[in-house]
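Reader: I have a structure to read and many questions. Can we work through it in short steps?

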Amino acid sequence: MAQIRFNNVVKRFGDVTVIPGFSATVADGEFLTLLGPSGCGKTTMLRILAGFEKVTEGEVWLGDKLVSSTTTHVPPEKRDIGMVFQSYAVWPHMNVFENVAYPLRIRRVPKQEVQERVMRALSIVHLDGLEHRMPSQLSGGQQQRVALARAIVAEPKMLLLDEPLSNLDAKLREAMRFEIKEIQRRLNITVLYVTHDQAEAMAMSDRIIVMNKGVIEQEAPPSEIYDRPKSKFVADFVGLVNFLEATVVDRDGTIRVGDDLLLKVTLPEGDHQRVLAAIRPEHVLIRREGSGVGTVRGTVKRRYYLGDQIDYFVQTSGGEVRVSGSPLEGSFAEGDSVVLHVQQAFAFPL
Amino acid sequence: MAQIRFNNVVKRFGDVTVIPGFSATVADGEFLTLLGPSGCGKTTMLRILAGFEKVTEGEVWLGDKLVSSTTTHVPPEKRDIGMVFQSYAVWPHMNVFENVAYPLRIRRVPKQEVQERVMRALSIVHLDGLEHRMPSQLSGGQQQRVALARAIVAEPKMLLLDEPLSNLDAKLREAMRFEIKEIQRRLNITVLYVTHDQAEAMAMSDRIIVMNKGVIEQEAPPSEIYDRPKSKFVADFVGLVNFLEATVVDRDGTIRVGDDLLLKVTLPEGDHQRVLAAIRPEHVLIRREGSGVGTVRGTVKRRYYLGDQIDYFVQTSGGEVRVSGSPLEGSFAEGDSVVLHVQQAFAFPL
Amino acid sequence: MRFNFDAKSVAIALAVAVLLVFGIFPIALLVIDAFIVDGHFSLDNFREVYVNKSNLMAVWNTVKASGLTMLFSTAISFPLAWLVGRTDLPFKNVFRTLIITPYMIPPFIGAFAWGYLANPRIGYLNQWIRAVFPFFEQGPINIYSMNGMVWVLVLFYFPFSFLSISRALEKMDPSLEEAARISGAGPLRVLRNITIPLTAPAIAAGALLVFVAVASAFGIPSIIGGQARIQVVTTRIISYVYVGTTEAMHEATALAVVLLMLSIAVLWFSNWYLAKREYFTLAGKSTRPTLVELGPWKWPLVAVFAIVCFVFAILPIMALVMTSLVKTMGRGFAFDNLTLDVWRSVLADDATWRTLRTSLYSSVLAATGGTLVGLLIAYLKVKTRMRFRTIPDFLATFTNATPGIVLALGLILAFSGKFGLNLYGTFWILVVAYFVRHLSYAVRQAAAALEQVHPSLEEAALSSGASWLRLFKDVTIPLVGPSVVGGWFLVFMPSFYELTMSVLLYSSKATPAGYHLYHLSSYASPQSAAVLSVLILILVLIGNLLMRWASRGRVSL
Amino acid sequence: GCGGSSGSSSNPSSGSNTTTPPATSGQSSGSTSGQTQTASGPSGSIMIYTSIYPDIINLVSPELEKAFPNLKVEWFQGGTEQVTAKMAAEIEAGKIGADLLMVADPSYYVYLKNRDLLMSYKSENFDAVAVDKDTEGYAYTGVRISNVVIGYNTNLVKPEEAPKTFRELTDPKWKDQVVIVDPTLSGTALVSTYALSEKYGWEYFEQLRDNGAVIGGGNSSTETKLVTGEFKVAVILEENLLKVKDRGEPVDIVYPEDGVIIVPSPIGILKTTQNAEAAKAVVDWWLSPEGQKAIVTGWMHSVRTDVESPKGAQPLASFAPGAMKVNWEDLAARSGEVKDKFVEIMGTK
Ligand SMILES: Nc1ncnc2c1ncn2[C@@H]1O[C@H](COP(=O)(O)OP(=O)(O)OP(=O)(O)O)[C@@H](O)[C@H]1O
Ligand SMILES: Nc1ncnc2c1ncn2[C@@H]1O[C@H](COP(=O)(O)OP(=O)(O)OP(=O)(O)O)[C@@H](O)[C@H]1O
Ligand SMILES: [Fe+3]
Ligand SMILES: [Mg+2]
Ligand SMILES: [Mg+2]
């Protein structure tokens with residue numbers, strides 16, 4: 001059983017309160033991602049779950065077992081966890097093979113099987129052939145993959161991955177994502193994942209917890225996080241968004257940005273005169289012409305070519321709006337006069 | 001003068017040849033990105049340039065000064081560089097302020113000015129208020145930003161950044177990108193940048209060098225790399241691509257993939273009967289209907305929601321094709337029958 | 001390769017030059033002389049010395065005593081160092097200092113103290129034990145045996161391993177251990193697989209120092225070994241030297257060569273073992289220092305540690321104090337036989353303070369110089385790729401393995417003006433002697449600490465534009481700081497009470513405390529010697545407190 | 001150099017050929033000499049290497065200062081063995097720091113004389129010396145007398161039960177109760193070892209060993225073991241016993257009937273001295289009743305018959321006739337061998 005329950009966990013380092021109160025449940029076999037700005041407490045939560053940090057207050061349950069509270073503390077090695085540390089923590093005195101084999105040796109896996117499983121894990125992380133290298137003879141990404149292989153080799157009940165792919169190139173990262181997902185599915189293990197890569201979070205997670213300063217901002221499946229962000233913070237943090245001040249025109253949800261952009265939104269609760277309109281770049285079409293609700297005229301200020309897309313910053317009467325265009329739809333130059341067609345928008349209290 | 005010239009640089013560690021031969025020139029004030037798979041030698045090249053590794057063969061010139069060769073070696077501290085290490089290398093015995101102030105102290109900057117410049121650098125990397133923390137009291141991303149602040153604080157002639165943003169969240173990463181670009185423009189310094197983030201590379205670089213196993217595969221501005229990849233490797237490594245086998249139908253550049261997908265491409269040199277067609281997901285429109293050159297019928301096999309886009313894997317007669325759809329264009333379900341409109345494609349020798 | 005006149009090479013070259021001139025040159029003079037008989041090259045001295053049965057026996061005893069002491073020292077040090085370095089043990093700062101106080105007592109005085117405590121007839125300990133268990137007629141503890149000698153040796157020399165191991169443990173990135181915990185290993189397993197192997201450089205450094213220090217030690221073996229009828233190489237060497245003839249001096253040197261060989265063998269083995277691995281446990285990504293919580297073990301372990309400290313430190317000091325307080329030693333410790341006269345006379349003696357001052361100056365200079373040169377030699381060995389980089393380390397080990405008496409003779413030979421430099425008869429010969437004899441303590445501590453430091457930390461300073469000297473001062477030294485302080489102390493302390501060389505090298509202008517101690521113990525009374533060594537101990541402890549206070553806890557033992 | 005001869009080149013009195021002994025009266029401590037010899041006494045400086053006790057040095061220093069106001073007397077003090085080791089190195093380095101040598105072991109002077117390192121000087125007090133002296137070359141002369149005797153702890157042994165002879169120490173009565181001084185550490189112990197082995201053969205030491213006799217280290221640590229009662233009986237220097245007995249410790253002395261071992265420690269001038277006049281004057285002073293009194297204060301016997309024995313000691317004359325004979329030349333030649341043999345016997349159980 002690897003259901004996880006955090007019960008109002010509080011963590012303080014000296015005077016600094018890092019986690020003011022964290023409650024969440026992770027289902028058995030779930031893939032949960034922690035998203036949040038640098039320094040918001042993600043690593044701290046993983047370390048609490050792993051048993052490296054004690055809780056200042058609150059409880060952590062694994063299944064029906066209390067593993068952490070102010071009075072109880074099950075040691076890390078009794079929690080059956082695989083973990084990738086943000087700092088890798090690859091052992092400098094062991095070669096690659098020995099590093100990865102370690103969790104198996106601890107579990108007294110027969111020698112022959114150790115050999116096989118280590119080689120399999122190494123080939124999963126594309127490190128075949130480097131098993132006799134020492135960590136200092138590896139590149140950063142290679143070390144990170146050693147850490148990943150070590151975490152998965154023993155097929156633990158629970159995987160805690162702290163930015164396990166941050167130093168890998170896009171290709172490899174995608175391959176690794178796939179492998180991790182594969183392992184999770186095959187063994188039905190619970191995964192707690194920390195990443196800064198939004199695509200990673202969206203593609204892999206069953207559920208995402210967005211944290212801010214140690215507090216949960218929203219806890220929902222990826223699409224909900226993206227499409228129905230509960231707060232300005234979430235909208236801003238996950239994906240790109242333009243924030244523009246708007247006036248409520250009609251209580252049915254019509255708001256106006258600047259002089260001429262009318263938008264239909266779900267108004268936030270409460271009686272607001274003015275709200276913040278949030279528009280995602282990919283929810284805007286950029287065209288030469290157009291008019292009506294959701295359209296606004298503007299001028300291309302800056303243009304960034306990103307390969308698979310082109311980013312434009314367009315000056316409108318309501319402010320600068322960032323828009324993503326497909327390279328297929330033709331390209332606009334800086335200074336061009338364009339019409340933006342906003343397809344979808346949110347509104348938050350100012 | 002911070003023009004950099006690598007003259008057939010070779011690097012071996014014992015028996016392992018990491019760089020078989022590297023020649024390139026970086027112009028003064030240029031922003032050059034090294035892209036390449038994990039372990040291909042990017043860090044090694046930066047370290048050679050910084051002077052931490054000696055060259056096994058070849059020469060490195062800074063302006064008109066030979067700084068590295070088999071007989072010459074200008075020590076790192078004489079090269080006026082700022083560097084962010086892949087492993088941060090934040091000094092554990094100094095607090096944040098002292099870490100960042102160090103390059104200034106070395107340059108005997110007056111105390112008052114040190115204070116100002118350090119605080120400015122810290123605010124650039126969004127670490128205001130943490131200046132008295134010790135590194136062990138910082139999160140991973142915070143440490144990485146200390147390393148970045150330390151690299152830029154003295155405004156060196158040359159910045160070597162080895163995945164400086166890998167542990168930062170998307171928001172912060174974008175802010176940092178902007179700051180780095182800003183500094184580069186303002187001071188007209190030369191930047192050598194290593195990243196795994198393709199968007200980062202595309203957005204920031206004047207030029208990109210794509211490396212593979214220590215060898216330069218292509219060296220060109222971002223758009224060229226993306227749109228006119230010289231090799232299958234480059235096409236594959238930079239951005240996403242579908243590779244499908246194709247038969248040359250006409251020497252003018254018409255090829256056929258599977259039974260019915262006809263494409264117009266620039267044929268690779270040589271007399272090929274069969275070629276490899278490369279199609280980027282974002283160069284394909286996914287629609288319910290359509291026909292003609294560049295279209296092919298298929299069935300949606302899998303669908304991934306990524307927030308700002310939706311990825312489809314579509315089975316066609318020529319193989320599975322990955323396509324990126326905009327959430328605006330309506331959504332297709334797994335099993336739907338669709339028509340793909342390929343707008344653009346490359347061809348490589350098989 | 002073009003030769004670079006950079007600061008790094010110059011500093012290292014200077015350090016090596018100092019070692020060669022002051023350490024190797026004098027020894028070489030003697031050793032070369034030992035090969036010359038009647039003006040011709042000859043192995044006669046060596047043959048003479050090494051066919052002698054007693055000498056061979058002594059070599060074996062030396063190997064045995066040094067080996068056993070090394071083993072036990074390491075075995076004791078590791079758990080204690082771990083407790084103070086990595087756990088939340090209460091009072092650990094007190095324990096840390098207390099446990100190494102034996103090192104602050106001159107070994108031969110300590111040997112006397114243990115004689116008072118544990119001689120089979122009237123040792124205090126044995127008397128107490130017999131009071132509780134009357135069925136013992138004698139003993140039961142006999143300090144005058146191989147076991148007894150090893151016991152005393154361990155007490156006096158284990159601080160070498162304790163200091164280096166505890167520093168290494170403190171500096172280690174805890175996530176390395178955590179990674180093993182999470183792999184399913186229990187704390188003991190982690191200790192075995194991760195902690196111990198990763199602190200191998202520190203363990204080896206300590207073990208090596210203990211071995212070499214014991215092999216070249218004279219005080220304890222002569223006092224305890226003599227009565228136990230255990231001859232070791234140093235006691236044999238002394239007996240040659242004390243013949244007083246030039247020929248005997250050469251024979252002594254020839255015999256001392258076996259100690260050099262032994263020490264090379266041990267150092268070579270340790271280098272070979274360490275070379276196979278990497279030990280970077282202090283890298284560029286900092287992780288949170290976590291202390292192992294002892295939980296319910298906390299207070300039992302405090303009790304155990306307290307007992308250990310009591311036996312190691314308090315008991316012998318008590319024996320010394322008790323001895324120093326009696327009127328007549330023949331009547332033992334009884335209330336009507338107590339007096340403060342001895343204390344009064346030692347404290348009032350002008351010579352006490354004069355010699356203490358001389359020792360303070362000379363040993364501070366020796367320790368500071370030794371630390372600096374040692375750090376550079378260690379740096380050369382660990383952090384550069386220069387050819388022959390390990391050789392100075394070997395040479396420093398030579399000077400450490402050479403018994404004090406032989407080294408002193410070499411220094412007289414070398415520095416009485418025959419070769420241009422005339423230090424003999426001045427204060428500086430003492431500084432040189434202390435420096436040379438104890439240099440390798442600093443080298444070992446520094447080398448073990450440097451092995452831990454990931455190169456990127458230094459590279460970051462270079463890329464910040466720091467010259468090597470700055471880098472060394474700002475980054476390298478602070479990173480290995482506690483070990484450097486430990487190394488300094490390890491050189492300082494034995495220099496402060498050094499006796500064997502001091503007795504030959506002192507002059508009326510510069511008389512060190514070691515000579516005074518010798519004088520008190522052999523001409524005045526063992527009581528006044530006890531007073532002086534307790535006085536030294538108190539002064540050093542006060543010094544440590546002051547240092548800790550002045551540096552706000554950063555610099556201390 | 002070790003300072004000994006540094007100031008001697010400017011010796012104004014080097015031309016004078018008659019040196020009046022500083023104190024001839026023998027009653028008061030140099031009071032007359034101070035007035036008469038001030039202007040013409042030896043000057044410069046002189047270095048004495050010695051093994052006499054620092055207390056004695058402290059005692060005589062003011063006296064010497066009074067006697068030779070222009071002379072700076074410097075001391076290097078250490079055990080005989082340390083002094084000789086230092087000398088060995090200095091000889092090798094070609095730079096002997098000492099002008100005057102006063103160590104315990106007579107055989108060492110034989111060695112130095114054989115190497116032609118001692119200056120021949122017949123002191124005006126030479127004839128007053130009653131013990132071994134170099135009557136052929138005048139290279140050295142005895143200046144103080146130490147005796148190896150038997151000591152016992154009076155708390156543990158009644159006077160009537162105390163051993164009377166060295167021989168008796170091999171008696172089972174003294175099993176495990178005897179402590180002796182290590183000849184590898186002490187020159188006087190070397191002499192006694194040599195003398196006993198000559199008299200009784202090496203079997204004597206084998207028997208001692210089998211009887212559980214123990215090596216107690218140097219004289220002082222052996223003394224402590226006797227005083228504290230760790231051992232009942234010790235073979236040790238008389239002067240050590242006299243000193244602690246005076247301090248109130250429970251020890252007493254037996255002058256063994258099979259012969260006390262008398263060690264007449266000499267004084268000699270090094271040939272290399274730069275200040276021979278001063279050296280000679282100081283030798284004269286040491287041999288004068290004045291100097292000899294200081295010796296006696298240090299619990300040793302005087303070499304002169306006209307000076308009393310130390311407090312608590314039997315007069316030399318009472319045991320000198322029965323003393324063991326020592327052939328100093330032979331010992332000088334064989335000291336290494338003697339030590340080896342001793343170690344070989346005692347170093348095995
Ligand atoms: N010992 C400490 N004392 C004070 N504050 C601390 C200490 N250790 C960590 N912190 C703070 O706790 C916060 C949470 O740290 P944590 O490592 O959990 O962040 P994170 O979310 O993992 O960030 P990142 O994405 O940058 O790795 C940080 O702001 C950090 O500065
Ligand atoms: N001492 C060494 N001995 C043998 N091979 C080494 C040594 N050091 C590095 N390598 C190899 O050199 C190659 C290049 O390493 P480098 O660190 O430059 O890669 P990188 O491109 O920076 O990779 P990453 O993106 O993973 O950081 C790697 O394959 C690595 O395994
Ligand atoms: Fe003596
Ligand atoms: Mg983190
Ligand atoms: Mg790298």
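Author: A polar contact is a pair of N or O atoms within 3.5 Å. Keep that cut-off in mind for the ligands. Note too that this is a predicted model.

Reader: How far from an oxygen atom of ligand 2 does a polar side-chain atom of Ser38(B) lie?
Author: Polar contacts need N or O atoms within 3.5 Å. The side chain of Ser38(B) offers a polar atom, and its partner is an oxygen atom of ligand 2. The distance between them is 2.7 Å.

Reader: Which residue has a side-chain N or O atom 2.6 Å from an oxygen atom of ligand 2?
Author: Glu163(B) also has a side-chain N or O atom by an oxygen atom of ligand 2, but at 3.5 Å. The value of 2.6 Å belongs to a side chain of chain A, that of Ser139(A).

Reader: Why is the site of ligand 2 shared between chains?
Author: Look at the nearest of the 20 residues around ligand 2: Arg133(A), Ser139(A), Gly141(A), Thr43(B) and Thr44(B). The site is shared because the residues that surround ligand 2 come from chains A and B.

Reader: Which element of chain A supplies at least two residues of the shell around ligand 2?
Author: Chain B gives β2 (16–26) and α1 (42–50), each with at least two shell residues. The shell divides into five nonpolar, twelve polar and three charged residues. The element from chain A is α4 (140–152).

Reader: Between which chains does ligand 1 lie?
Author: Start with the nearest of its 21 surrounding residues: Thr43(A), Thr44(A), Arg133(B), Ser139(B) and Gly141(B). These names carry the letters A and B. A third chain also borders the ligand, which lies between chains A, B and C.

Reader: How much of the area that ligand 1 exposes alone does the protein bury?
Author: Backbone atoms approach its oxygen atoms. A backbone N or O atom lies 2.7 Å away in Gly39(A) and 3.1 Å away in Gln137(B). Taken alone, ligand 1 exposes 640 Å², and the buried part of that is 93%.

Reader: How many charged residues are in the shell around ligand 1?
Author: Elements that each supply at least two shell residues are β2 (16–26) and α1 (42–50) of chain A and α4 (140–152) of chain B. Five residues of the shell are nonpolar and twelve are polar. The charged residues number four.

Reader: Now the sheets. Why is one side of β6 (81–84) of chain B left without a neighbour in the sheet?
Author: The open sheet has six strands, ordered β6-β7-β8-β3-β9-β10 in chain B, with mixed pairing. β6(B) and β10(B) (215–220) stand at the edges. One side of β6(B) is left free of neighbours because this strand has a single partner strand.

Reader: In which sense do β3 and β8 of chain B pair?
Author: Strands of a sheet pair through backbone hydrogen bonds, either parallel or antiparallel. Residues 31–35 form β3(B), and residues 190–194 form β8(B). Thr33(B) stands opposite Tyr193(B). The four bridges run in the parallel sense.

Reader: Which residue in the turn between β9(B) and β10(B) has a positive phi?
Author: β9 (207–212) of chain B runs antiparallel to β10(B), with five bridges joining them. Ile208(B) faces Ala220(B) across the pair. The two strands form a hairpin with two residues between them. The positive phi, about 50°, belongs to Lys213(B).

Reader: At what angle to β6(B) does α4(B) run?
Author: α4(B) lies across β6(B) and β7(B) (158–162). Its angle to β6(B) is about 175°.

Reader: What is the bridge partner of Thr254(B) in β13(B)?
Author: A five-strand open sheet of chain B has the order β13-β12-β11-β14-β20, with antiparallel pairing. Four bridges join β12 (254–257) to β13 in that chain. In β13(B), the partner of Thr254(B) is Lys264(B).

Reader: Which chains have the most contacts between them?
Author: Chains A and D do not touch, with nearest C-alpha atoms 46 Å apart. No contact joins chains B and D either. Four pairs of chains do touch, and the most contacts are between chains C and D.

Note on methods:
Residues numbered from 1 in each chain as written. Chains lettered and ligands numbered in written order. Predicted model: local features only at pLDDT ≥ 70, side-chain atom pairs only at ≥ 80, totals over all residues. Heavy atoms only, no water. Near = heavy atom within 4 Å. Polar contact = N/O pair within 3.5 Å; in protein donor to acceptor, adjacent residues only side chain to side chain. Areas by Shrake-Rupley, 256 points an atom, 1.4 Å probe, with all protein chains shown as cover. Nonpolar A, V, L, I, M, F, W, Y, C, P; charged D, E, K, R; others polar. Pairing = 2+ DSSP bridges. Contact = heavy atoms within 4.5 Å. Axes fitted to C-alpha atoms, helices over the stretch in contact; angles between N-to-C directions.
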